[in-house]
Amino acid sequence: MLYCISITRAKMAKLLTLIYVATAIFWFALARHADNASAGLDMQLVLFAIPFVGSIVGFYNARRWDGFESALGKAVSFVSAGVLAWSIGMLIWCYYIFIA
């Protein structure tokens, strides 16, 4: 059982590192073309995805710490809920920018 958890942690760490590196590359690519007016708007979509993935990972980790049964599980759950609210707010902001 412990072996399976360590593989899951390694895969999660690789996924989060890949998302971070891809976002950094995307950010630098946009910064090189600062004269493009839509460059900042394109970044708004990425700013929705990053906190959403972070909240899912946070809820998963909170469950591993017994969820609301422990103080650490509660803390991680509430931080993850805040980050999820941030991503929902970014999604609403993207709706107003691109659709409305």
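This report walks through a predicted model of a single chain, from its overall build to a few individual residues.

## The overall build

The chain has 3 helices and 0 strands, so reading along the sequence gives the simple pattern α-α-α. Helix α1 covers residues 2-32, helix α2 runs over residues 39-64, and helix α3 takes in residues 71-98.

Of the 100 residues in the chain, 21% count as buried. The chain exposes about 7400 Å², and carbon and sulfur atoms supply 73% of that area. Looking at contacts with a separation of 6 or more, 55% are between residues 24 or more positions apart.

## Helix α3, end to end

How far apart are the end C-alpha atoms of α3? They sit 40 Å apart. That agrees with expectation, because 28 residues at 1.5 Å a residue should span 40 Å.

The buried residues of this helix are G73, V76, S77, S80, S87, M90 and C94. It's worth setting that list against the helix geometry. An α-helix has 3.6 residues a turn, so residues three or four places apart point the same way.

## Two buried serines

S77 and S87 are a nice pair to click on. S77 lies in α3 and counts as buried because its relative accessibility is 7%, under the 20% cut-off. Leaving out residues up to four places away in sequence, S77 touches F59, A62 and F68.

S87 is also a residue of α3. With a relative accessibility of 1%, S87 counts as buried too. Which residues does S87 contact, once its neighbours within four places in sequence are set aside? They are F48, P51 and F52.

P51 turns up again with another residue of α3, G82. The two are 31 residues apart in sequence, yet their C-alpha atoms are 9.4 Å apart in space. G82 itself lies in helix α3 and is partly exposed, with a relative accessible area of 41%.

## Aromatic pairs

The model has 3 aromatic pairs. One of them joins F48 and F52, and it is stacked: the ring centres are 5.8 Å apart and the planes meet at 25°. Both residues belong to helix α2, and because they are 4 residues apart there, about one helical turn separates them. F48 is partly exposed at 22% relative accessibility, and F52 is partly exposed at 36%. Recall that F48 and F52 are both among the contacts of the buried S87.

Another pair is made by Y95 and Y96, with ring centres 5.5 Å apart. Is this one stacked or edge-to-face? The planes stand at 65°, so the pair is edge-to-face. Y95 lies in α3 and is partly exposed, with a relative accessible area of 44%. Y96, at 52% relative accessibility, counts as exposed, because the cut-off for that label is over 50%.

## A nonpolar patch on the surface

Y95 and Y96 also show up in a nonpolar surface patch of about 740 Å². Their partners in the patch are L45, I88, I92, F98 and I99. Which helix gives the most to the patch? It's α3, with 5 residues.

So α3 has two sides to its story, because its buried residues include S87, M90 and C94, while Y95 in the same helix is partly exposed at 44% and belongs to the nonpolar patch.

## Two more places to look

D66 sits in the loop between α2 and α3. Its phi is near 70°, a positive value in a residue other than glycine. D66 is exposed, with a relative accessible area of 54%.

Over in helix α1, have a look at Y20. At 62% relative accessibility, Y20 counts as exposed. Where does Y20 stand relative to I50 in space? The two C-alpha atoms are 8.2 Å apart, although the residues are 30 apart in sequence.

Notes. Residues numbered from 1 in each chain as written. Predicted model: local features only at pLDDT ≥ 70, side-chain atom pairs only at ≥ 80, totals over all residues. Heavy atoms only, no water. Expected span 1.5 Å × (residues − 1). Buried < 20%, exposed > 50% of the residue type's maximum accessible area, 1.4 Å probe, protein only. Phe/Tyr/Trp six-rings, centres within 6.5 Å; stacked < 30°, edge-to-face > 60°. Patch = residues over 30% accessible without salt bridge, like charges linked within 9 Å, V, L, I, M, F, W, Y side chains within 5 Å. Areas by Shrake-Rupley, 256 points an atom, 1.4 Å probe, with all protein chains shown as cover. Salt bridge = Lys/Arg side-chain N within 4 Å of Asp/Glu carboxyl O. Contact = heavy atoms within 4.5 Å.
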